[in-house]
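Trainee: I should like to learn how empty space inside a protein model is examined. May we work through one example together?

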Amino acid sequence: MVIFIKKIILFLVPLGLVFIFPSLIIFYGNEYFSSREIVRLQTVYPQSLFGFAYNSESFFQYKKYLVEVKKPEVIALGTSKVMQIRKEFFNDKTVFINAGGAGTTLTEMFLFLDSLPKDNSIKLILLGIDKEVFDSPMPIKENIYERNLSFRLVDILSTMSRRIYLDYFNGKYKISDLINKSNKKHDIGLSAILHQDGFRTDGSYQYGSAKKNEVRLDYVRLEIKRKVNLIVQGNNMDDKKDNLGKNMIMLGNILKIAKEKGIIIIGFTSPHPSDVYKALNEKSDETKIFSANIRNIFAGNNSDFFDLGDIKLFDGKNTEFVDAVHGTDLMYLKMFMYMAERSKSIRNYVDIDKLNFFLKESTGDFLSF
């Protein structure tokens, strides 16, 4: 028996050595932090960013804690497409948190609202509800809640060790850079530390690497072309209809629970690159029908809804995208101003003169702050 145990130990030692390097990357990259630790650190250091590269935990819990701690009057809720709405878009007295990423499906949005106490501070929600959200199945509830440290580490090391080695040997980062920057700054996650990609303390997302990428526009053009081809071929997400009916009912539940908690909801669809928007509308009338149905649901609940798929509505440009899906913060400023000028509910929290100043001062495809 003793001999057998020794053989097992000898067998496991080299296997354990394989995980030493990934463990160092996880440690110096702060990839093991819990959502509570992230929110606490960002509260102490307001300039810190949070952006994991290898930790695949849901953003639901992180955004939930942000709302609990910051007690905002206004939040944005939805997929990653709403993450570019920033606290600077609102007047100085308004506390805003971007909960984008906590609502990748309508079920998650409902659970997020349902978790709010009746005496919560939120008065207004900007709800991003693109068609792919309505085509998505309902998630398993447990998937959105954070696991304890041991489970997170085991998951990272078991599923990401190979990728960590590949990224390192492909020159995507240097250990010396990671250690030096990790020791000097308070950013959380390898993407935030090395590339300045991550969530700001208001929950909005900073595309640091895209902003510095000299060939970003070439990449965007290629991604738009690919997206258009998928639409033409009929293989994109917009063709999935199985879950549409259930999610329409879920939207009604979201509006109902918000009303019960005294929260006004403003719905909007996110912008598309002009070629993508054209392809969607040329393929069928489905997008227009979808928008009309959503508008009717919101109107029935005395709420505003904005279909912002066409960037021409607010003078958006194809160059103001970081890929075929996500716009820059400059584009979202334009989009936000378009809504604010047409919605009294939003305008109550906005200084239009300040937004016009931001727009006038911008010189590229991103805001300068």
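The questions below concern the cavities and the largest pocket of this predicted model.

Trainee: How many cavities of 30 Å³ or more are there?
Mentor: Rolling a probe the size of a water molecule over the atoms shows where empty space is left. A cavity is counted here if its volume is 30 Å³ or more. By this rule, the count is two.

Trainee: Which helix gives the largest share of the lining of the largest cavity?
Mentor: The largest cavity has a volume of about 140 Å³, and 13 residues line it. Helix 6 (131-134), helix 13 (274-283) and helix 14 (286-300) each supply at least two residues of this lining. The largest share, three residues, comes from helix 14.

Trainee: How many nonpolar residues are in the lining of the second largest cavity?
Mentor: The second largest cavity holds about 60 Å³ of space. Among its 13 lining residues, Phe-50, Phe-52, Glu-57, Ser-58 and Glu-146 are the closest to its centre. By class, this lining has three charged residues, four polar residues and, as the number asked for, six nonpolar residues.

Trainee: Which strand supplies the largest share of the lining of the largest pocket?
Mentor: The largest pocket has a volume of about 310 Å³. Of its 14 lining residues, Gly-51, Phe-52, Ala-53, Ser-191 and Tyr-205 are the closest to its centre. Helix 9 (190-195) and strand 4 (197-199) each supply at least two residues of the lining. The largest share, three residues, comes from strand 4.

Methods:
Residues numbered from 1 in each chain as written. Predicted model: local features only at pLDDT ≥ 70, side-chain atom pairs only at ≥ 80, totals over all residues. Heavy atoms only, no water. 1 Å grid on protein atoms, 1.4 Å probe; cavity = no way out; pocket = protein on both sides within 12 Å on 5 of 7 lines; lining within 4 Å. Points joined across faces, edges and corners; volume = space filled by probe spheres on them. Helix = DSSP H or I, 4+ residues; strand = E, 2+ residues; numbered from the N terminus. Nonpolar A, V, L, I, M, F, W, Y, C, P; charged D, E, K, R; others polar.
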